[in-house]
Amino acid sequence: MLFNPTNGDLVDADFIIDATNFSTPIEALLSPALTVLTSNQIGDNVVIHDTAGTFMSVFYGGNVAVLDNVRGTDFTPGFTGLLVTVGGGANADAVAQFDPSGNYVGNFIANGSNGLISPFDIAFRSNDCLVAGINSDAVHRYSLTGDSLGIFASGISFPEQIEFAPNGNVLVVNFSIPNSGVIVYDSVGTQ
């Protein structure tokens with residue numbers, strides 16, 4: 001679906017329909033090349049469509065030793081690569097990194113770094129990045145090069161997406177009871 005970024009109005013309910021290449025699309029990003037890269041959780045890949053919604057290619061996929069149960073994505077600072085959270089398989093509990101051509105270049109965040117279990121989303125700020133760990137029940141904090149900086153917020157039951165408010169607050173979409181909904185934190189992790 002495509003929404004107006006200013007007021008949230010629905011622009012196109014069928015922006016991308018692609019049953020051939022999608023089974024469970026999770027996160028879509030607009031690339032610097034003006035293509036749409038979408039993580040496909042059960043398909044274990046990242047798919048590229050043009051801005052009209054037409055399938056172009058698979059950015060990366062087919063190797064579950066690298067991508068299995070994928071969810072969130074983000075571009076590295078400077079758009080030098082794409083990062084994809086990995087929840088299952090041989091590369092579980094990591095954030096995989098790809099160059100702009102779709103070649104796997106290793107893990108940006110190592111498997112289980114800082115207690116990360118089943119990462120769902122990754123989001124960059126100017127001086128760090130945050131990763132939601134759905135089974136570690138925390139939002140983990142890392143440097144711009146993927147080194148652990150500790151826990152940003154803990155005690156969250158199944159945190160999924162991360163977004164930032166204009167005032168610098170961090171919005172964490174949480175899936176499970178007792179705190180399902182959107183939890184708001186200040187920039188240092190105080191609820």
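1. Overall size. A compact globule of 191 residues would have a radius of gyration near 16 Å, and the protein chain has 16 Å, so the two agree. This is a predicted model. Along its principal axes, the C-alpha trace spans about 40 × 40 × 35 Å. Of the 191 residues, 46% count as buried.

2. Secondary structure. The protein chain holds 17 strands and zero helices. The points below therefore deal with strands, their pairing and the pockets they line, since the chain has zero helices. 

3. Sheet E7-E8-E9-E10. These four strands form an open sheet in that order, with antiparallel pairing. Its edge strands are E7 and E10 (104-109), and each pairs on one side only. From one strand to the next, the twist averages 30 degrees.

4. The E7/E8 hairpin. E7 and E8 pair in the antiparallel sense over four bridges. Val-70 stands opposite Val-86 in E8. Six residues lie between the two strands of this hairpin. Gly-78 sits in the turn and has a positive phi of about 80 degrees.

5. Strand E8. How many residues of E8 (residues 82-86) are buried? Five of the five are, so the strand is largely enclosed by the rest of the structure. The cut-off for buried is under 20% relative accessible area. Leu-82, Val-84 and Val-86 point one way from E8. Leu-83 and Thr-85 point the other way. Both sets are buried.

6. From E8 across to E10. E8 pairs with E9 (residues 94-98) in the antiparallel sense, over five bridges. Here Leu-83 stands opposite Gln-97 in E9. E9 and E10 are also antiparallel, with four bridges. Gln-97 has Gly-106 as its bridge partner in E10. Gln-97 thus has a place in both pairings, opposite Leu-83 and bridged to Gly-106.

7. Sheet E11-E12-E13-E14. This is another open sheet of four strands, in that order and with antiparallel pairing. E11 and E14 (148-154) are the edge strands, each pairing on one side only. The twist averages 25 degrees from one strand to the next. Inside the sheet, E12 (residues 129-133) and E13 (residues 138-142) run antiparallel and are joined by five bridges. Ala-132 stands opposite Val-139 in E13.

8. The E16/E17 hairpin. E16 (residues 170-174) and E17 (residues 181-185) run antiparallel, joined by five bridges. The hairpin connects them through six residues. Asn-174 stands opposite Gly-181 in E17.

9. The largest pocket. Its volume is about 700 Å³. The lining has 19 residues. Met-1, Leu-2, Phe-3, Phe-15 and Ala-28 lie nearest the centre. Which strands supply at least two lining residues each? E1 (2-3), E3 (25-30) and E4 (35-40) do. E3 gives the most, with six residues. By class, the lining has 15 nonpolar, two polar and two charged residues.

10. The second largest pocket. About 250 Å³ of space lies here. It is lined by 15 residues. Nearest its centre are Glu-27, Leu-29, Asp-121, Ile-162 and Glu-163. E3, E7 (70-75), E11 (119-124) and E15 (159-164) each supply at least two lining residues. The lining divides into eight nonpolar, three polar and four charged residues.

11. Strands at the pockets. E3 contributes to the lining of the largest pocket and also to that of the second largest. E7 and E11 each supply at least two residues to the second largest pocket. E7 is an edge strand of the sheet in point 3. E11 is an edge strand of the sheet in point 7.

12. Gly-8. This residue is found in the loop between E1 and E2 (10-12). Is Gly-8 buried or partly exposed? Gly-8 is partly exposed, with a relative accessible area of 44%. Gly-8 and Gly-168 are 160 residues apart in sequence. In space they are 20 Å apart, C-alpha to C-alpha.

Technical notes: Residues numbered from 1 in each chain as written. Predicted model: local features only at pLDDT ≥ 70, side-chain atom pairs only at ≥ 80, totals over all residues. Heavy atoms only, no water. 1 Å grid on protein atoms, 1.4 Å probe; cavity = no way out; pocket = protein on both sides within 12 Å on 5 of 7 lines; lining within 4 Å. Points joined across faces, edges and corners; volume = space filled by probe spheres on them. Nonpolar A, V, L, I, M, F, W, Y, C, P; charged D, E, K, R; others polar. Pairing = 2+ DSSP bridges. Axes fitted to C-alpha atoms, helices over the stretch in contact; angles between N-to-C directions. Rg over C-alpha atoms; globule rule 2.2 N^0.38 Å. Buried < 20%, exposed > 50% of the residue type's maximum accessible area, 1.4 Å probe, protein only.
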